[in-house]
Amino acid sequence: MGEQWRVTVHKTCRRSGICAAQAPRYFSVDDDHRTRPPAGPVAPDPELIDVAEACPAEAITLTDLVTGRPVTAPAESAAGRGTREVRP
């Protein structure tokens, strides 16, 4: 089994639907306008980081299932993007 992430949408979600519009293969909006994340683990995808960062309520978290740590955007460096940072 390779690296996998868990996607969580917290109760702070403002129901904007931005995530579902930006990444419809990962998020859906139900009849109550609540955002639903994928039902199970997903393969790492930078698109999910972008969506989590774009959430106006900061209601989306990504968790690395191997380490149990939150997944965040790659750190910017002088050489450019490409380093993945995991916050404790």
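**Group meeting talk: a walk through the fold**

Okay, let's start with a single residue: threonine 63 comes out at 12% relative accessibility, so it counts as buried. You'll find threonine 63 in strand S4. Before I go on, a quick reminder that this is a predicted model.

So who sits around threonine 63? Leaving out residues up to four places away in sequence, threonine 63 touches Gln4, Trp5 and Arg6, and also Gly68, Arg69, Pro70 and Val71. Arginine 6 deserves a second look: arginine 6 and threonine 63 are 57 residues apart along the chain, yet their C-alpha atoms are separated by 5.1 Å.

Let me step back to the overall layout. The protein chain has two helices and four strands, and from the N terminus on they run β-α-β-β-α-β. There are 88 residues in the chain, and buried ones make up 31% of them. Now take the contacts between residues at least 6 apart in sequence: 50% of those join residues at least 24 apart.

Back to S4, which covers residues 60–64. How many of its five residues are buried? Four of them, so to speak, are tucked away, and the strand is mostly covered. S4 runs antiparallel to S1, and five bridges join the two. If you want one pair to look for on screen, threonine 8 stands opposite threonine 61 in S4.

At the start of S4 we have isoleucine 60. Not counting residues up to four places away, isoleucine 60 touches Val7, Thr8, Val9, Cys19, Phe27, Val51, Ala52 and Cys55.

That brings me to the core. The largest nonpolar core has 20 residues, and the members touching the most others are Trp5, Val7, Phe27, Leu48, Ile60 and Leu62. S1, H1, H2 and S4 each supply at least two residues of this core. Which element gives the most? That would be H2, with four residues. As general background, nonpolar side chains in soluble globular proteins tend to be buried together.

Let's stay with H2, then, which spans residues 46–54. Its buried residues include Leu48, Ile49, Val51 and Ala52. Looking down the axis of H2, the buried residues fall within an arc of 165 degrees, so they line one face of the helix. That buried set packs against S1, H1 and S4. Flip to the face turned away from the buried side and you meet the exposed residues Pro46 and Glu53. And the N-terminal end of H2 has a cap: aspartate 45 places a side-chain oxygen 2.8 Å from the backbone nitrogen of glutamate 47.

Past H2, in the loop leading to S4, is alanine 57. Is alanine 57 buried or exposed? Its relative accessible area is 14%, so alanine 57 is buried. Apart from neighbours within four places in sequence, alanine 57 is in contact with Thr12, Cys13 and Arg14. Cysteine 13 is 44 residues away along the chain, but the C-alpha atoms of cysteine 13 and alanine 57 are separated by 5.8 Å.

Now, the cysteines. A disulfide is a covalent bond between the sulfur atoms of two cysteines. How many disulfides does the count give? Zero. Cysteine 13 is in no disulfide, and the nearest cysteine sulfur, in cysteine 19, is 6.1 Å away. Why doesn't the sulfur of cysteine 55 form a bond with the closest cysteine sulfur? Because that closest sulfur, in cysteine 13, is 6.2 Å away, which is too far for a bond; the cut-off here is 2.5 Å. Cysteine 55 itself is buried, with a relative accessible area of 13%.

Cysteine 55 also takes us to serine 16: they are 39 residues apart in sequence, and 8.5 Å apart from C-alpha to C-alpha. Serine 16 sits in the loop between S1 and H1. At 44% relative accessibility, serine 16 counts as partly exposed. A polar atom of its side chain lies 3.3 Å from the backbone nitrogen of isoleucine 18.

Last stop: threonine 35, in strand S3, which is residues 35–36. Threonine 35 has 5% relative accessibility, so it counts as buried. Its contacts, beyond residues up to four places away, are Val9, Cys13, Cys19, Phe27, Ser28 and Val29. Okay, over to you for discussion.

Methods:
Residues are numbered from 1 along each chain as its sequence is written. This is a predicted model: local features need pLDDT of at least 70, side-chain atom pairs count only at pLDDT 80 or more; totals for chains, interfaces and linings use all residues. Side-chain values use heavy atoms; hydrogens and water are left out. Buried means under 20% relative accessible area, exposed over 50%, partly exposed in between (1.4 Å probe, protein chains only). Contact means heavy atoms within 4.5 Å. A polar contact is a pair of N or O atoms within 3.5 Å; within protein, one must be able to donate a hydrogen and the other to accept it, and residues adjacent in sequence count only if both atoms are side-chain atoms. Two strands pair if DSSP finds at least two bridges between them. A nonpolar core is a set of buried Ala, Val, Leu, Ile, Met, Phe, Trp, Tyr and Cys residues joined through side-chain atoms within 4.5 Å. The arc is that of the directions from the helix axis to the C-beta atoms.
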